[in-house]
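Student: I would like to work through this structure with you step by step, beginning with how the chains meet and then moving on to the sheet and the domains.

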Amino acid sequence: MAEHKNYKEQILRISGVNPLKCMRCGKCSGTCPSYDEMEYHPHQFVYMVETGDIEPLMESKSLYKCLTCFACVDRCPRNVEPAKLVEAVRLMVIRQQGQNHMKPDDIPAQVDEDTPQQLLMSALRKYSK
Amino acid sequence: MNVSYFPGCTLKTKAKELDVYARRCAEVLGVTLEEIENWQCCGGVFSTAKDEIASKLSSVRALTEARDKNQPLVTVCSACHNVIKQTNHAMANDADFALRANTYTGEPYNGETEVLHYLELLRDVVGWDKVKAAVKNPLTGKKIGAYYGCLLLRPGKVMAMDDVENPTILEDFIRAIGAEPVVYAMRNECCGGYVTLEDKALAKKKSSAVLENAAAMGAEMVVTACPLCMYNLKKNGGCDLPVVYLTALLAEALGLTDATHGCKEENNG
């Protein structure tokens with residue numbers, strides 16, 4: 001349990017988010033372009049971080065479906081900024097030794113002649129350390 | 001006037017049109033884009049983590065150089081603009097981040113530089129009237145859908161370019177070059193972004209929703225400032241609606257090239 005508490009503290013510190021501001025309206029999930037692809041949706045990230053139920057989030061592929069489009073950040077009526085929590089939980093995972101979600105060696109198979117450098121940079125920044 | 005300019009990695013490779021036409025059009029409009037010396041890649045995405053410092057230093061260095069030259073820093077790529085503007089905001093408003101970043105660079109910087117997207121340069125520095133006056137080849141009757149995507153507008157309180165849910169800057173640009181803007185609901189929704197690298201199905205769903213909506217509202221083409229939006233809409237949009245860079249359209253309107261024709265060919269190729 002102590003370890004769980006530590007996760008929560010780290011996530012709150014890294015993200016700067018206060019999940020207690022959430023009034024559970026669900027608008028973040030309603031506007032999320034990756035909603036269908038996510039096991040845990042933005043509003044669940046907020047609630048689960050608040051309650052310290054963080055390991056399921058760390059194990060979920062949902063971490064890699066967030067597009068960082070900031071729709072949930074801008075459309076939250078309470079300025080909770082759920083995307084920052086998703087980012088913080090993902091960093092908790094990929095900052096661990098050997099936990100990169102994507103490695104440079106994985107990239108060539110995904111590239112075609114038109115792939116912009118911006119895409120490779122963005123994916124590496126989001127998926128690996 | 002001269003402004004500092006951060007082209008970014010993709011504008012030197014897959015999106016040369018954005019870079020070349022941006023410079024040529026700016027010259028016609030009386031602005032010289034002075035490329036930042038030895039600029040480094042912005043990283044493509046801004047990390048919202050407060051303890052993520054090193055990945056933002058290339059932006060800090062570019063911002064510091066512009067400050068030292070007493071110039072605004074102009075970008076064309078939506079991603080570079082987003083990363084640099086958010087970094088600048090953090091340098092001005094997050095003392096802990098600024099202290100750590102400044103310790104790396106050794107050169108005190110606190111967010112003094114004005115960060116402008118090319119569209120803001122046109123609107124706020126050049127002015128739409130001057131753009132209109134410079135148009136030699138108005139795109140009269142052309143129905144163009146503005147595609148903002150995410151990065152130009154959000155987060156709204158940081159990017160502060162326009163109304164985040166009802167923007168007009170791209171529509172004003174389309175009017176300035178003599179064409180007719182087509183407003184559609186999906187214009188500020190995500191194309192699928194970098195997730196396309198490992199989840200093509202998601203990118204197809206998102207990009208096709210954008211293009212189908214634009215086409216349904218009568219757009220004959222869609223304009224973007226972002227190379228990743230361009231890639232997703234063209235590769236994953238599932239629709240032959242042409243997608244063009246805003247600088248290419250501007251170049252065509254200013255009589256510098258038949259840019260839309262070139263882009264169409266490229267779309268089909």
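Tutor: Before we count anything, let us agree that two residues are in contact if their C-beta atoms, placed from the backbone, lie within 7 Å. Please also keep in mind that this is a predicted model.

Student: With that cut-off, how many residues does the contact take from chain A?

Tutor: The contact has two sides, and they are counted separately, with 38 residues coming from chain B. The number for the other side, chain A, is 31 residues.

Student: Which helix gives the most to the side of chain B that touches chain A?

Tutor: Two helices of chain B, H9 (200-216) and H10 (227-236), each supply at least two residues of that side. By class, the side of chain B that touches chain A has 18 nonpolar, 11 polar and 9 charged residues. The element that gives the most, with 4 residues, is H10(B).

Student: What is the order of the strands in the open sheet of chain B?

Tutor: We can build the order up from the pairings, starting with E5(B) and E6(B), which pair in the parallel sense over 3 bridges. Strand E5 (residues 143-146) of chain B is also joined to E7(B) by 3 bridges, again running parallel, and a further 3 bridges join E7(B) to the parallel strand E8 (residues 243-245) of chain B. The edge strands, each pairing on one side only, are E6 (180-182) and E8 of chain B. The 4 strands therefore follow one another, with parallel pairing, in the order E6-E5-E7-E8.

Student: Are the residues of strand E7 of chain B buried or exposed?

Tutor: In a regular strand the side chains alternate between the two faces of the sheet. In strand E7 (residues 221-224) of chain B, B:Met221 and B:Val223 point one way, while B:Val222 and B:Thr224 point the other way. Whichever way they point, all of these residues are buried.

Student: Which residue in E8(B) is the bridge partner of B:Val222?

Tutor: On the E5(B) side, B:Ala146 stands opposite B:Val223 in E7(B), and E7(B) is also bridged to E8(B). In E8(B), the residue that partners B:Val222 is B:Val243.

Student: What is the handedness of the crossover from E7(B) to E8(B)?

Tutor: The two strands run parallel, and the chain passes between them through H10(B). H10(B) also contributes to the side of chain B that touches chain A. This β-α-β crossover is right-handed.

Student: Which helix packs on the sheet and touches E5, E6 and E7 of chain B?

Tutor: We should look first at the pairing of E5(B) with E6(B), in which B:Lys143 has B:Glu180 as its bridge partner. The helix in question packs on the sheet with its direction at about 155° to that of E5(B). The helix, at residues 169-176 of chain B, is H8.

Student: How many residues does the contact between the two domains of chain B take from domain 2?

Tutor: Chain B is divided into domain 1 (2-118) and domain 2 (134-268), and 23 Å separate their centres, taken over C-alpha atoms. Domain 1 of chain B gives 22 residues to the contact, and helices H1 (16-28) and H3 (78-93) of chain B are the elements that give two or more residues to this side. From domain 2 of chain B, the contact takes 20 residues.

Conventions: Residues numbered from 1 in each chain as written. Chains lettered and ligands numbered in written order. Predicted model: local features only at pLDDT ≥ 70, side-chain atom pairs only at ≥ 80, totals over all residues. Nonpolar A, V, L, I, M, F, W, Y, C, P; charged D, E, K, R; others polar. Buried ≥ 20, exposed ≤ 12 C-beta atoms within 10 Å, placed from the backbone. Right-handed = clockwise from strand over helix to strand, strands pointing away. Axes fitted to C-alpha atoms, helices over the stretch in contact; angles between N-to-C directions. Domains from an automatic or database assignment.
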